[in-house]
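This briefing gathers what can be read from one model about its strands, its aromatic contacts and its charged pairs. Please keep the structure in view while going through the points below.

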Amino acid sequence: MNLNLFPRPKTGPQAGVSRRRHHRGFTLVEMLLVITIIGILAALVVPKMMGRSEQARQSAARADIASIKTALDAYEVDNGSYPKALADLLQAPRQARNWRGPYLDKIPQDPWGNEYQFAQPGRQNANSFDLSSIGPDGKAGTEDDFGNWTAK
């Protein structure tokens, strides 16, 4: 009767044979099964994530518009009116007597690489200004445009 709870590892020619039997690679069937499972998961997840990048760009553009709007409001408080151009937030224009800027580090581009559109007075906001992104199509006046007057 062997009462040894922790047997010594085998040594000699028999030790290598038993190790080789237990440490084989994956079979082709196992590999194909794993690849199939990964493919099914990707087919379920990828379509759901595709729309997220466009939503993220729209959210980033709205955040940019909000920060530029804050800078424009600060300019208006200091100078009594809104600037004629966004560049006036970076460098003092001649007509600004109380300019305390720069109000922004730089004027960002929208997430699609376009300049933000600024009009003062605005068409949508006649008493202040319009600040907008022309959206992913890069064309002004289309359905994908949004600005400080839209509630999207």
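Three bridges join β1 to strand β2 (residues 130-133), and the two strands run antiparallel. The model is a predicted one, and the points that follow take up the sheet, then the aromatic side chains, then the charged pairs and one loop residue.

**The sheet**

- The open sheet is built from three strands in the order β1-β2-β3, with antiparallel pairing. Because β1 (117-119) and β3 (146-147) stand at the edges and each has a single partner strand, one side of each is left without a neighbour in the sheet.
- Between β1 and β2, the bridge partner of Ala119 is Asp130, a residue of β2.
- On the other pairing, β2 and β3 are joined in the antiparallel sense over two bridges, and here Ser133 has Phe146 of β3 as its bridge partner.
- In a regular strand the side chains alternate between the two faces of the sheet. Both faces of β2 are covered, since Asp130 and Ser132 on one side are buried, as are Leu131 and Ser133 on the other.

**Aromatic contacts**

- Five aromatic pairs are found when the whole structure is searched. One of them is formed by Tyr75 and Tyr103, which meet edge-to-face with 5.6 Å from centre to centre and 65° between the planes.
- That pair links distant parts of the chain, with Tyr75 in helix α2 and Tyr103 in the loop between α2 and β1, 28 residues apart, and both Tyr75 and Tyr103 are buried.
- Trp112 and Phe146 form an aromatic pair that is also classed as edge-to-face, at 6.3 Å centre to centre and with 80° between the planes. Here too distant parts of the chain are linked, as Trp112 belongs to the loop between α2 and β1 and Phe146 to strand β3, 34 residues apart.
- Both Trp112 and Phe146 are buried, and Arg62 lies over the face of Phe146, at 4.5 Å from the ring centre.
- One aromatic cluster is formed by Tyr75, Trp99 and Tyr103.

**Salt bridges**

- The count of salt bridges comes to two. In one of them Lys69 is joined to Asp73, the closest N and O atoms being 3.0 Å apart.
- Lys69 and Asp73 both lie in helix α2, where they are four residues apart, about one turn of the helix. Lys69 is partly exposed, with a relative accessible area of 34%, and Asp73 is likewise partly exposed, with a relative accessible area of 25%.
- Arg100 forms a salt bridge with Asp78, in which the closest N and O atoms are 3.7 Å apart. Because Arg100 lies in the loop between α2 and β1 while Asp78 lies in helix α2, the pair ties together parts that are 22 residues apart in sequence.
- Arg100 counts as exposed at 58% relative accessibility, whereas Asp78, at 17% relative accessibility, counts as buried.

**A residue of the loop**

- Gln91 is found in the loop between α2 (28-79) and β1, and with a relative accessibility of 61% Gln91 counts as exposed.
- From C-alpha to C-alpha, Gln91 and Gly101 are 7.3 Å apart in space, and in sequence they are 10 residues apart.

Notes. Residues numbered from 1 in each chain as written. Predicted model: local features only at pLDDT ≥ 70, side-chain atom pairs only at ≥ 80, totals over all residues. Heavy atoms only, no water. Pairing = 2+ DSSP bridges. Buried < 20%, exposed > 50% of the residue type's maximum accessible area, 1.4 Å probe, protein only. Phe/Tyr/Trp six-rings, centres within 6.5 Å; stacked < 30°, edge-to-face > 60°. Lys NZ or Arg CZ within 6 Å of the ring centre and 35° of its normal. Salt bridge = Lys/Arg side-chain N within 4 Å of Asp/Glu carboxyl O.
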